[in-house]
Amino acid sequence: MTAKDLKNALLQEAVQGKLVPQIASEGNARDLLEEIRKERLSHGFANSYGICDGKDKKTKKSDLRSKSQISVTKKELPEITEDEIPFEIPENWCWCRLGDVIDVRDGTHDTPAYIKSGYPLITSKDFRGDHFDFSKTKYISKQDYDLINQRSKVEVGDILFSMIGGNIGNKIIITTENYFEMAIKNVALFKNNNNVYNVYLFYVLEYYTKAFQNYAVGGAQTFVSLNFIRNYPFPLPPLTEQKRIVAAIEKFMPLIEEYGKKETELKAVNEQIGSLTKKAILQEAVQGKLVPQNAAEGNAKDLLEEIKKEKSKFLKEGKIKKEKPLPEITEDEIPFDIPESWCWCWLGEIVPFGVCQNAEPQEINDEDWILDLEDIEKDSGKILSFKTKKEVDSKSTKHIFKKGFVLYSKLRPYLNKCVIAPKDGFCTSEILPLDFGDMIYNKYAQLYLMSPFFVDYTNSLSFGVKMPRLGTEDGKKALFPLPPLAEQKRIVAAIEKMLPLCEKLGE
């Protein structure tokens with residue numbers, strides 16, 4: 001169970017009345033609700049209360065009227081129906097609506113004129129969890145500040161609730177330590193009162209956050225309406241029990257937070273173990289230690305000869321250009337031992353490294369696939385997204401690649417971005433399309449390019465400070481441990497069984 005799960009379980013026990021025992025001498029929440037009703041009437045508030053016992057779930061309604069209708073909440077709230085009640089609560093509790101017990105408001109919906117300095121206008125963007133972040137805060141004049149605060153003045157004890165955008169549910173209790181003169185915009189304001197302990201309310205809102213987020217409506221900018229918040233069912237305990245519940249929650253919270261820290265540390269260790277295990281597997285693979293050798297599969301020297309013959313044939317046919325021959329590999333250059341059936345060669349001997357066929361923008365159709373570096377996930381060999389020329393508004397020359405090509409990022413090679421093309425397409429100049437042909441298994445070539453052996457080589461030779469890259473000549477002169485073709489495929493099959501286990505280690 002995660003720390004988040006533990007916290008949710010704790011809050012669930014709290015709001016269902018299971019965290020602390022009930023004490024008869026603390027009274028009944030229905031009497032508390034009646035007190036709240038009387039207090040609102042004495043201040044000129046009018047509302048209707050849908051009251052429901054935790055035991056029989058029967059609802060009563062007191063139709064209250066007042067000549068002085070000065071509450072922000074002017075509409076009478078409907079009775080709570082049995083279908084709305086999400087769980088059982090103790091007999092001395094009662095169900096009501098948030099708007100029955102809390103004055104819930106929001107700030108201005110208008111956009112006042114912003115000035116360089118003045119009174120901060122707090123919006124959802126200024127919330128970071130349970131504290132303020134002023135990095136994007138905008139400021140308004142005293143005139144606009146006073147106008148907004150006629151409706152929604154923030155005071156010590158109140159709760160601010162983010163009700164719009166990606167951080168719906170972030171909450172801040174206003175205390176003497178974090179209070180400052182502010183106005184609010186598109187933020188729900190829960191006004192503090194003497195009958196509902198604001199910290200208990202804070203934890204109930206925390207428990208309800210997921211439901212509020214799931215309800216959120218709207219297009220690009222989702223929001224939770226004030227009407228929805230006011231009408232949401234609220235489990236009300238006697239006031240003294242509210243405080244005992246909070247004391248119990250805050251007794252357990254530090255333990256859960258400590259558990260969360262250990263969980264984070266363990267996750268980091270697991271991720272590191274998973275990453276190291278994956279690297280170790282790839283290194284074992286290119287050293288010929290992952291699968292047993294099979295004499296019937298032939299010798300890689302013969303395979304290399306076949307590749308060279310095919311290359312000579314293509315050269316005669318004019319399909320490829322003549323390149324400067326690479327030197328012989330000396331014994332001093334060999335970094336580790338490989339099986340007898342394998343052989344060492346240069347990467348440039350088996351693939352035309354850095355030789356690309358290009359296409360001008362007008363030659364690329366709007367629906368053609370354009371691969372950019374940001375579309376490749378680092379270290380995983382996976383493509384994150386597929387975008388068309390029309391979507392990226394491409395206007396530059398691109399490299400052409402075919403299905404099955406290995407696409408290798410020569411820019412910032414430490415990011416280890418390397419994928420196999422699942423279909424034909426075009427890529428930006430930072431990505432090299434590598435056609436290994438039929439005699440080198442493309443998946444083996446990919447795992448070689450992503451192995452610690454090759455990554456260390458590229459990092460040692462990359463040039464450029466901000467945007468280091470691998471040069472073409474250095475790429476050609478990378479040492480390649482070549483196994484027979486059948487063994488290449490057996491190595492890949494073995495790795496594909498092992499890597500999911502590495503990913504599980506990192507979870």
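Ala, Val, Leu, Ile, Met, Phe, Trp, Tyr, Cys and Pro count as nonpolar, Asp, Glu, Lys and Arg as charged, and the others, Gly among them, as polar. The model is predicted: local features need pLDDT of at least 70, side-chain atom pairs count only at pLDDT 80 or more, and totals for chains, interfaces and linings use all residues. Residues are numbered from 1 along each chain as its sequence is written, and side-chain values use heavy atoms, without hydrogens and water.

**Exercise 1.** State how the residues lining the largest pocket divide by type.

*Solution.* Take the classes above. The lining divides into 23 nonpolar, 4 polar and 16 charged residues.

**Exercise 2.** Which residues of the largest nonpolar core touch the most other members?

*Solution.* Start with the term. A nonpolar core is a set of buried Ala, Val, Leu, Ile, Met, Phe, Trp, Tyr and Cys residues joined through side-chain atoms within 4.5 Å; buried means under 20% relative accessible area (1.4 Å probe, protein chains only). This core has 53 residues. Phe190, Phe212, Phe234 and Leu236 touch the most other members. Next, find the main contributor. Helix H5 (residues 198-215) supplies the largest share, 9 residues; helices are DSSP runs (H or I, at least four residues), strands likewise (E, at least two), numbered from the N terminus.

**Exercise 3.** Which strands stand at the edges of the open sheet with the order S8-S5-S11?

*Solution.* Two strands pair if DSSP finds at least two bridges between them. The sheet has 3 strands and mixed pairing. Strands S8 (138-140) and S11 (183-184) stand at the edges; each has a single partner strand, so one side of each lacks a neighbour in the sheet. Now check one pair. S5 (residues 119-122) and S11 pair in the parallel sense over 2 bridges. Leu121 stands opposite Ala183 in S11.

Technical notes. Buried < 20%, exposed > 50% of the residue type's maximum accessible area, 1.4 Å probe, protein only.
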